[in-house]
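Q: Please take a close look at a single part of this model, the place where the two chains meet, and describe it with care for someone in a first year of study. Please also set it beside the place where the domains within one chain meet.

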Amino acid sequence: MSHTIRGDDPRLTWQGIVSLQKEDDWVKPWRIPCGQADLFPEGVAIQAQRPSGARIVFRSDTASLTGDILSEEDDCFLDVSSNGRLCGTVDLTNTPQFQIDTLPEGDKLIELWLSPASPIRFRSITLPGEATIERFEDSRPRWITYGSSITQCRAAESPSQTWPAIVAQEQGLNLTCLGFGGSCHLHPIVARVIRDLPADFVSICAGVNIHGQNSLSPRSFCPALVGFVLTIRERHPHIPIVLTSPIHSQGGENTPNAVGFTFAMMRDEIATAVEKLKTYGDNNIQYISGLELFGPDLESYLSDGLHPNAEGYKLLGKNYLNTVIPKVFHHSA
Amino acid sequence: MLIRPNDPRLTWQGIVSLQKKDGWVKPWRIQHDQIGLFPEDILLHAAEPAGGRISFQTDATSLAGHIVPEGELGLLDLRCDGALIGTVDLTETPRFQFNNLPSGMKLVELWLPAYGPIRVHSLELPDESALAPFSDTRPRWLAYGSSITQSGAAKSPSHTWPSIVARERGLNLTCLGYCGQCHLDPIMARMIRDLKADFISICAGINIYGQNTFSPVTFQQALIGFVLTIRDKHPGTPMVVTSPIYCAPRETTSNAVGLNLIMMREEIASAVDKLKSHGDNNLHYVNGLNIFGPDLSQYMPDQVHPNSEGYKLLARNYLDTVIAQVFP
């Protein structure tokens, strides 16, 4: 005898997602409210189906589990961890059925880290008949991190090794990753999503897509950023918010785009936005230059001059832990 | 009888805030106490009180005042019970006097300059005159737009197209048209959200095209975000979004980020459709070409802005096309 657990089973906790699309035989995690997807920009709606940073979490004493999770696209890997330690990575790209037999003995927290690259349809997991399964209530601070492909991290070594995942695990944060590849344009509707989610810490890394796609100009970038933060502040008046500027990319630093913007100008604009907000009473907002997190010294860890490779994401995670986290959580380890 | 500009018997209409200094006040069309959060480019035009009025009821037959223009332009209209009594150019006569007010109690409205900031020092009525504030019960209309909504080329302040429409339809106008602006700044949406309103109109696109402010990936979203923010506090208020009026050089020519006015009108219409399909029951789209189309291009000497006659025609079309449909 074994027991099969479906996606909407209350003993499973879906973390790091915004909504769960429920169909007859499967559920699909989204990083935006799926019922409003057509109000969102198409790029965001596509990337939001790729569950970067999301986890299916439960407590169990099982030493093995099997699962049936269908990938919609390629490069669909799943990390299984026990009490925060990685026990295995499975490739779901061509075979939705998987089995893990390497879990340690005894009651533990099991986390299935979902793919940053491919949407999934979760049909079920199955545990041996005698195994326990209990819901996990997460009391860690909630961190929402908004950004581009560099926050989504599809090139990470595996789903639990994106830089936000590394930071969250190390610092003990309940991560919701809102990295949307190619689609971090400070859309007001994304600010509303963040506003409406529970949060203890919000970080925003903006600029690289805005530069690359000429989507906001020197006239509209700072107002978009100010508006983004003010919207979040409507329901999160006091939590720490950190704004970071683009990480190093030779191509963007001093090359004006079609609307005359460079990374260097954008860094000044972001710092200005933070100063304005502070002047008008925001006591818990900070600006940190992306160059402090991933500077020109790490150029060799960029795979295409823009995106860190798997090793680069690990370094970015480490630098974020050393540079940003101590300024936000003053008693951090 | 000298009346200070902060006298409670004066009703300031169509402005958002008053900057009060020793000896004068300055009307603003943004929240002056949050000025640093607004884009710097908007400040000059937000200090121009287009559509703003100082209103009161009096039986005086003469009225004097001391209003100092800060810029080079500054026409002021006096209307009594809606009828135009006279126009003065404050740049020539910051101390002005009207002696031809009709007798008996009446509503006096001083329509403030559509162009050029002003400092209001004082008004003066004959001693013994009755003076009472004006309680305006007409629906409040917030009209957000560009220079075309600010209508600087109108014959005088009460002849901007929003002024004409407001008087004709009986609306209490707040004109939020800012020359060279209207970039759907989120802070403006928040300001509109926080103002009282019975009808809200948005005309967006022409400066976004001209200054490459938003691209095909951000323009529609900026508009959706703008409307959603307003809706946070005005859930059922009639709201109309109009697309740019005719502008020959920009209709089919792409700007630096690949937009043209034809595409922008489609994006605006599509944004409105999406919001309606998600439950917005009182949001309307009106094509700017139905308000001022190519047939009126002879009233547009610089191919962007209507002239004085053009604004009258625009107002007429707005009444027939927008108001009749949205706010009958």
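A: Between chain B and chain A of this predicted model, there are 14 residue pairs in polar contact, counting pairs in which both residues have a pLDDT of 80 or more. Three helices of chain B, namely helix H4 (186-194), helix H6 (219-231) and helix H7 (261-277), each supply at least two residues of the side that touches chain A, and H6(B) gives the most to that side, with six residues. Sorted by character, the residues on this side of chain B divide into 14 nonpolar, 14 polar and seven charged.

Charged side chains also pair up across the boundary, where the count between chain B and chain A is six salt bridges. One of the salt bridges joins the side chains of A:Glu234 and B:Arg193, with a distance of 3.0 Å from N to O.

As for the extent of the interface, the contact takes 35 residues from chain B and 31 residues from chain A. The size of an interface is often given as the accessible area lost when the parts come together. Between chain B and chain A, that buried area is about 2600 Å², and carbon and sulfur atoms give 59% of it. On the chain B side, B:Leu37, B:Gln221 and B:His278 supply 24% of the area that chain B buries against chain A, which is more than any other three residues supply.

A second interface lies inside chain A, for which the domain assignment gives domain 1 (3-134) and domain 2 (142-329). The centres of these two domains of chain A, taken over C-alpha atoms, are separated by 26 Å, and their contact takes 29 residues from domain 1 and 25 residues from domain 2. The area buried between the two domains of chain A is about 2100 Å², of which carbon and sulfur atoms give 60%. Within the share that domain 1 of chain A buries against domain 2, A:Arg31, A:Trp113 and A:Pro116 supply 26%, more than any other three residues.

Across this domain interface of chain A there are zero salt bridges, although 10 residue pairs are in polar contact, again with both residues at pLDDT 80 or more. The elements of chain A that give two or more residues to the domain 1 side are helix H1 (42-47), strand E7 (77-82) and strand E8 (85-91), and the residues of that side divide into 15 nonpolar, nine polar and five charged.

Conventions. Residues are numbered from 1 along each chain as its sequence is written. Chains are lettered from A and ligands numbered from 1 in the order in which they are written. This is a predicted model: local features need pLDDT of at least 70, side-chain atom pairs count only at pLDDT 80 or more; totals for chains, interfaces and linings use all residues. Side-chain values use heavy atoms; hydrogens and water are left out. Contact means heavy atoms within 4.5 Å. Buried area is the accessible area (1.4 Å probe) that two parts lose on being put together, summed over both. A salt bridge is a side-chain nitrogen of Lys or Arg within 4 Å of a carboxyl oxygen of Asp or Glu. A polar contact is a pair of N or O atoms within 3.5 Å; within protein, one must be able to donate a hydrogen and the other to accept it, and residues adjacent in sequence count only if both atoms are side-chain atoms. Helices (H or I, at least four residues) and strands (E, at least two) are DSSP runs, numbered from the N terminus. Ala, Val, Leu, Ile, Met, Phe, Trp, Tyr, Cys and Pro count as nonpolar, Asp, Glu, Lys and Arg as charged, and the others, Gly among them, as polar. Domain bounds come from an automatic or database domain assignment.
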